[in-house]
Amino acid sequence: LKRAFVESNGESRLIYARILGFFGDKTVVPALVEALEEAKWDEKILQGVAAEYAHLPTPVDALVLALGATRDPRAVAPILRKLELLDSNTTLSHHRSVALALEQIGDPAAAAPLARLLARPGMRGHAMNRLEPMHQARDQRRREGALREIVLARALYRCGDADRLGESILREYQDDLRGLFARHASLVLR
């Protein structure tokens, strides 16, 4: 793979770079950073009703995730530049990819930007602390906001937790009536 990466160019080189990145190879960081800097956030992948519950990374998400898997601090700044473009209307896969990548690197420099993202309108307050009606329409369910909030809070917590916001959010989710969120938050806080 390393030889193929060195000997290739264009899209083939980027494919090899992503694979090597997922294997933790730091030599591909400059190629991945260059590709990420040139990329714009892409559209979410639609795959029927399962898409609401699955993590379906887009091609740009794959760049972010590959950079995170290298655990190289040089990846933090370009990932944070993509984080600045996120809000509550951005597809969930982009939030998840950024959070997972920053969490893997674990650089405290990511804590303040993650906290600022969580402070934006519509990003907080998705824990379910009381019974609510079960909605059949997907746009009325409250799953996506909770998934986004908890994965970002976990990344914040593991990157140094600016102002203990990550811990505070995770504690809210410990009381979430949806057992999966409550168990997840409790395990992260252990």
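This is a short tour of one helix pair and a few salt bridges, to follow in your viewer. Keep in mind as you click around that the model is predicted.

**Stop 1: two helices side by side**

Start by selecting residues 143-158, which make up helix H8, and then add residues 179-189, helix H10. Two packed helices are described by the angle between their axes and the distance between the axes. Here the angle is about 5° and the axes are 11 Å apart. Angles under 35 degrees count as roughly parallel, so H8 is roughly parallel to H10.

Now show the side chains where the two helices touch. From H8, pick Arg-143, Ala-146, Leu-147, Ile-150, Arg-154, Tyr-157 and Arg-158. They meet Phe-181, His-184, Ala-185, Val-188 and Leu-189 of H10. What classes of residue make up the contact of H8 with H10? There are eight nonpolar residues, one polar and three charged.

**Stop 2: from H8 across to H6**

Stay on Arg-158, and add Glu-103. These two form a salt bridge, and their closest N and O atoms are 2.4 Å apart. Glu-103 belongs to helix H6 and Arg-158 to helix H8, so this pair ties together parts that lie 55 residues apart in sequence. Are the two partners buried or exposed? Glu-103 is buried, with a relative accessible area of 14%, while Arg-158 is partly exposed at 42%.

**Stop 3: a bridge between two loops**

Next, select Glu-84 and Arg-120. Their side chains meet in a salt bridge, at 3.1 Å from N to O. This pair also links distant parts of the chain, 36 residues apart. Look for Glu-84 in the loop between helix H5 (76-83) and helix H6 (92-105), and for Arg-120 in the loop between helix H7 (111-118) and H8. Both ends are partly exposed: Glu-84 has a relative accessible area of 38%, and Arg-120 has 22%.

Add Arg-116 to your selection. Together, Glu-84, Arg-116 and Arg-120 are linked in a network of salt bridges.

**Stop 4: Asp-72 and Arg-74**

For the last pair, jump to Asp-72 and Arg-74. They form a salt bridge too, with the closest N and O atoms 2.7 Å apart. Try a surface view here: Asp-72 is buried, with a relative accessible area of 5%, whereas Arg-74 is partly exposed, with 46%.

**Keep exploring**

How many salt bridges does a search of the whole structure find? The total is 13, and the pairs you visited, including Glu-103 with Arg-158, are a place to start.

Notes
Residues numbered from 1 in each chain as written. Predicted model: local features only at pLDDT ≥ 70, side-chain atom pairs only at ≥ 80, totals over all residues. Heavy atoms only, no water. Axes fitted to C-alpha atoms, helices over the stretch in contact; angles between N-to-C directions. Helix = DSSP H or I, 4+ residues; strand = E, 2+ residues; numbered from the N terminus. Parallel < 35°, antiparallel > 145°, perpendicular 65-115°, else oblique. Contact = heavy atoms within 4.5 Å. Nonpolar A, V, L, I, M, F, W, Y, C, P; charged D, E, K, R; others polar. Salt bridge = Lys/Arg side-chain N within 4 Å of Asp/Glu carboxyl O. Buried < 20%, exposed > 50% of the residue type's maximum accessible area, 1.4 Å probe, protein only.
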